[in-house]
Amino acid sequence: MKLKIFALLLLCLAAAPTWAATCSTTVTGNDALRYDKSSITVPKSCATFTVTLKNVGSMPRSVMGHNVVIAPAADVDTVINDGATAGLDHDYVKPNDADVIASTKLIGGGDSASTTFKVAALKPGVPYEFFCTCPGHASLMRGKIELK
Ligand code: CU1
């Protein structure tokens with residue numbers, strides 16, 4: 001009996017690290033206009049959350065650049081259009097765009113970039129998405145942000 005309790009205690013201790021929320025994630029983007037994730041879970045218990053993008057393709061930023069931009073689902077089209085106007089020099093994101101929660105730089109093959117945002121910026125009940133604002137990419141490079 002005592003041995004069983006001891007074994008259970010050991011199991012609990014082994015599981016302990018999984019209790020802490022992970023406040024970051026990595027997403028890859030490739031030359032076929034694909035992220036490796038269709039959704040990103042952001043734990044409510046995190047103060048901040050970091051998304052790292054790795055462009056695993058081989059083409060330069062001006063040809064097959066990718067970024068990760070996070071915005072309310074309702075504002076995605078506006079953010080993409082404003083980004084196209086802002087152009088490559090601004091990573092296809094309008095400077096100080098109030099609709100944008102977070103955005104990485106636009107990166108080419110072999111590069112990586114991160115963005116960190118305050119989780120409190122995500123309002124409960126509002127659907128958010130992550131997407132690439134390089135013109136034409138978001139039709140394939142788009143996923144959901146899930147606040148949990
Ligand atoms: Cu892209």
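How much of the accessible surface of the protein chain belongs to carbon and sulfur atoms? The share is 58%, out of an accessible surface of about 8300 Å². The model is predicted.

## Overall fold

The protein chain has three helices and eight strands. Read along the sequence, they come in the order α-β-β-β-α-β-α-β-β-β-β. The chain thus opens with a helix and ends with a strand.

The protein chain counts 148 residues, and 40% of them are buried. Many contacts link residues that lie far along the sequence from each other. Among contacts with a separation of 6 or more, residues 24 or more positions apart account for 71%.

## The copper site

A copper ion sits in this structure, and three residues coordinate the ion. His66 and His137 each give their ND1 atom. Cys132 gives its SG atom. The distances run from 2.0 to 2.2 Å.

How are the donor residues of the copper ion spaced in sequence? The pattern is H-x65-C-x4-H. A stretch of 65 residues therefore separates the histidine from the cysteine, by the spacing H-x65-C-x4-H. Is Cys132 buried or exposed? Cys132 is buried, because its relative accessible area is 0%, under the 20% cut-off. His137 is buried as well, with a relative accessible area of 6%.

## Cysteines: one bond and one free neighbour

The structure holds one disulfide. The bond joins Cys23 to Cys46, with the sulfur atoms 2.0 Å apart. The link is left-handed, with -85° about the S-S bond. Where do the two partners lie? Cys23 is in the loop between α1 (2-15) and β1 (24-29). Cys46 is in the loop between β2 (39-42) and β3 (48-55). The pair therefore ties together parts that are 23 residues apart in sequence.

The two partners differ in cover. Cys23 is partly exposed, at 29% relative accessible area. Cys46 counts as buried, at 4%.

Cys134 has a cysteine sulfur in its surroundings, but no bond to it. Why is there no bond? The closest cysteine sulfur, in Cys132, is 5.3 Å away, which is too far. That Cys132 sulfur is a donor to the copper ion. Cys134 is buried, with a relative accessible area of 9%.

## Salt bridges around helix α3

The structure holds five salt bridges. One of them pairs Asp91 with Arg61, with the closest N and O atoms 3.0 Å apart. Asp91 lies in the loop between α3 (76-86) and β5 (102-103), while Arg61 belongs to helix α2 (residues 61-64). The pair therefore ties together parts that are 30 residues apart in sequence. Asp91 is buried, at 13% relative accessible area. Arg61 is partly exposed, at 29%.

A further salt bridge links Asp82 and Lys94, with the closest N and O atoms 3.6 Å apart. Asp82 lies in helix α3, and Lys94 lies in the loop between α3 and β5. This pair therefore ties together parts that are 12 residues apart in sequence. Both partners are partly exposed: Asp82 at 22% relative accessibility, and Lys94 at 37%.

## A network on strands β7 and β8

Which residue forms a salt bridge with Arg142? The partner is Glu129, and the closest N and O atoms are 2.6 Å apart. The pair links distant parts of the chain. Arg142 lies in strand β8 (residues 142-147), and Glu129 lies in strand β7 (residues 128-131). They are 13 residues apart.

Here too, the cover differs between the partners. Arg142 is partly exposed, at 35% relative accessibility. Glu129 is buried, at 10%. Glu129 and Arg142 also belong to a network of salt bridges that takes in Lys144.

Technical notes: Residues are numbered from 1 along each chain as its sequence is written. This is a predicted model: local features need pLDDT of at least 70, side-chain atom pairs count only at pLDDT 80 or more; totals for chains, interfaces and linings use all residues. Side-chain values use heavy atoms; hydrogens and water are left out. Donors are N, O and S atoms within 2.8 Å of the metal (3.2 Å for Na, K and Ca); water is not among the atoms, so sites may look incomplete. Buried means under 20% relative accessible area, exposed over 50%, partly exposed in between (1.4 Å probe, protein chains only). A disulfide is a pair of cysteine sulfur atoms within 2.5 Å. Helices (H or I, at least four residues) and strands (E, at least two) are DSSP runs, numbered from the N terminus. Contact means heavy atoms within 4.5 Å. Accessible areas come from the Shrake-Rupley method with a 1.4 Å probe; for residues, only the protein chains shown count as cover. A salt bridge is a side-chain nitrogen of Lys or Arg within 4 Å of a carboxyl oxygen of Asp or Glu.
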